[in-house]
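Visitor: Could you take me on a close look at one part of this structure? I would like to follow a single helix and then see what lies around it.

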Amino acid sequence: MLYAYLIVTAMAVFASVAAVAFAWSVVAGQFRDLDAAATSIFWDEDATAEVPRG
Amino acid sequence: MAELEHAQLLAKLDGSCRRPVLLFLISAVVWLLVGSTLALIASIKLHAPEFLANDAWLTFGRMRTAHLNSVAYGWAAMAAVGVLLWLVPRLTRAPLRGTRLLEGAAWAWNGLVAAGVVAILTGYSTSVEWLEFPLPIAMGLTVCFAVVAGAGLDALHRRQVDHIYVSLWYLTAVMVWFPVLYLTANIGIHGGLLSGVAQAMTNWWFAHNVLGLFVTPIALATLYYVLPKVIGRPIHSYYLSLVGFWALALFYNWAGLHHLVGGPVPMWAVTVGIVASMMMLIPVTTVAFNQHMTMRGHFHLLRSSPSLRFVVFAGMSYAVVSAQGSFEALRGMSEVVHFTQYTVGHAHLGMYGFFSMMMFGGYYFILPRLTGREWPSATLIRVHFWCSAFGIAVYFLALTAGGVQQGLLLLDPGVPFLDVVQATLPWLQARSWAGLALTVAHIAFAISVAQMVLGLAPARGTPTLLAQRVTSQGGAA
């Protein structure tokens with residue numbers, strides 16, 4: 001039984017790291033100005049795009 | 001002026017990653033062909049057991065295992081790393097450093113996977129599913145991935161952007177998650193720290209996470225990058241895309257224990273896995289909703305764009321396979337379909353219908369930008385797409401139906417076991433025909449890729465489209 005507690009605890013630690021990273025992302029403003037964030041990948045748009053924008 | 005600076009930066013970014021990315025992507029295609037051949041042989045053996053049965057290394061147990069490892073660590077992992085190494089500089093706007101080291105990692109990766117497959121075929125498999133490579137080979141692969149992760153995280157550290165785009169979140173997570181998963185499972189299981197049931201729990205924690213915390217994040221990073229770029233429109237709800245990422249990060253790692261339903265494991269531990277599996281409906285719904293709403297009004301582009309066609313097919317498969325997986329985890333469902341062909345169909349819809357199709361979309365998007373050449377033949381792309389789509393559809397439907405039938409017959413104590421075997425044969429034959437279609441698709445794809453990298457494809461001009469582009473208003477563009 002102990003092994004099951006240990007393994008599930010290891011999973012909890014794994015998820016806790018993700019929870020800490022999530023908290024950091026909120027504090028660091030990663031949930032602000034989302035429109036600009038969503039369009040940020042278009043910076044390198046060029047004439048070689050498979051289907052040009054617009 | 002700004003355009004010139006952008007062009008210079010773009011050239012610098014592509015120049016920093018070109019050689020390692022091409023090495024990983026080309027190697028992946030070679031492993032795809034090797035894996036397809038092994039798969040076809042293993043599949044035929046299931047309904048024609050006398051086929052190539054005279055040599056130990058050609059027996060089903062070794063063929064099937066060699067197939068799994070060559071596609072998982074050869075095709076899937078190398079394609080994923082290639083796409084990752086191309087996306088990271090684009091998203092961070094920071095060139096990769098350590099290019100020579102990355103090239104070395106790619107060569108070493110090939111050598112290690114080759115050694116692992118030979119070890120399996122010659123009888124030196126560890127017999128632990130998804131971790132069949134002997135420990136020294138696994139440790140070598142860990143070092144190679146550490147080099148990749150180091151280069152990616154270094155670029156992330158030097159990023160020239162404030163916001164981390166959702167694709168970059170997924171890629172960053174993979175660079176941290178996968179080495180931890182692979183190292184923990186290999187040392188725990190092969191290092192003698194875990195045995196018996198504890199080994200099984202760790203084994204399925206790892207095996208399930210290979211899908212959810214390695215290949216899935218890279219595939220979703222590709223989706224969230226390629227889809228908006230091809231249709232020229234941002235994701236419908238960027239907020240939702242972040243919710244999906246964090247939900248995956250928080251819930252997925254717990255889900256693997258559902259593989260042990262009915263096993264000698266505390267019920268509460270398995271229940272944890274089942275609950276986490278149902279929670280996965282949250283991130284999956286966000287992806288499916290976002291894909292559909294982003295595509296709304298742009299579905300006509302599926303007629304012309306190769307990368308969009310593969311990526312959208314993959315996104316739809318993700319929704320289906322993930323929802324299926326959540327319900328498959330339930331005890332009642334598991335009672336019927338566990339240990340049947342149903343599970344094989346589910347696994348292939350995930351690794352092929354979702355992941356591989358997404359990677360194909362990534363190749364069609366990335367290679368012209370990296371090689372300065374256009375795809376040589378729209379016909380070859382059509383053959384690739386339709387044989388892949390047809391093959392995986394037949395594969396999935398046959399094994400899903402056959403698996404349910406097999407499970408119900410196995411539960412009936414009045415049915416002799418031989419009758420159950422006989423009943424599955426037509427489904428297994430359909431699987432081989434589907435596998436043949438997939439192999440044809442891969443040969444067409446490999447011919448296209450070879451022409452691209454050998455400089456036999458036309459130089460960059462107008463993109464190779466599958467049909468004349470039509471605007472949303474109905475006119476030709």
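Guide: Let us follow helix 1 of chain B, then the loop after it and the contact with chain A. Please keep in mind that this is a predicted model. Helix 1 of chain B runs over residues 2-47, which makes 46 residues. At 1.5 Å a residue, a helix like this should span 68 Å, and its end C-alpha atoms lie 63 Å apart, so the two values agree. Along the way there is a kink of about 50° at B:Arg18, and the proline B:Pro20 follows shortly after.

Now step into the loop between helix 1 and helix 2 (60-92) of chain B, where you will find B:Leu52. Most residues other than glycine have a negative phi. B:Leu52, though not a glycine, has a positive phi of about 50°. B:Leu52 counts as partly exposed because it has 16 C-beta neighbours inside 10 Å, between the limits of 12 for exposed and 20 for buried.

Finally, look across to chain A. The contact takes 28 residues from chain A and 40 residues from chain B. On the chain B side, helix 1 supplies at least two residues, and so does each of helix 6 (196-231), helix 7 (238-251), helix 8 (267-279) and helix 12 (341-371). Helix 6 of chain B gives the most, with 10 residues. Sorted by class, the side of chain B that touches chain A has 28 nonpolar, 7 polar and 5 charged residues.

How values were computed. Residues numbered from 1 in each chain as written. Chains lettered and ligands numbered in written order. Predicted model: local features only at pLDDT ≥ 70, side-chain atom pairs only at ≥ 80, totals over all residues. Helix = DSSP H or I, 4+ residues; strand = E, 2+ residues; numbered from the N terminus. Expected span 1.5 Å × (residues − 1). Bend = angle between axes of the 7 residues up to and from the residue. Contact = placed C-beta atoms within 7 Å. Nonpolar A, V, L, I, M, F, W, Y, C, P; charged D, E, K, R; others polar.
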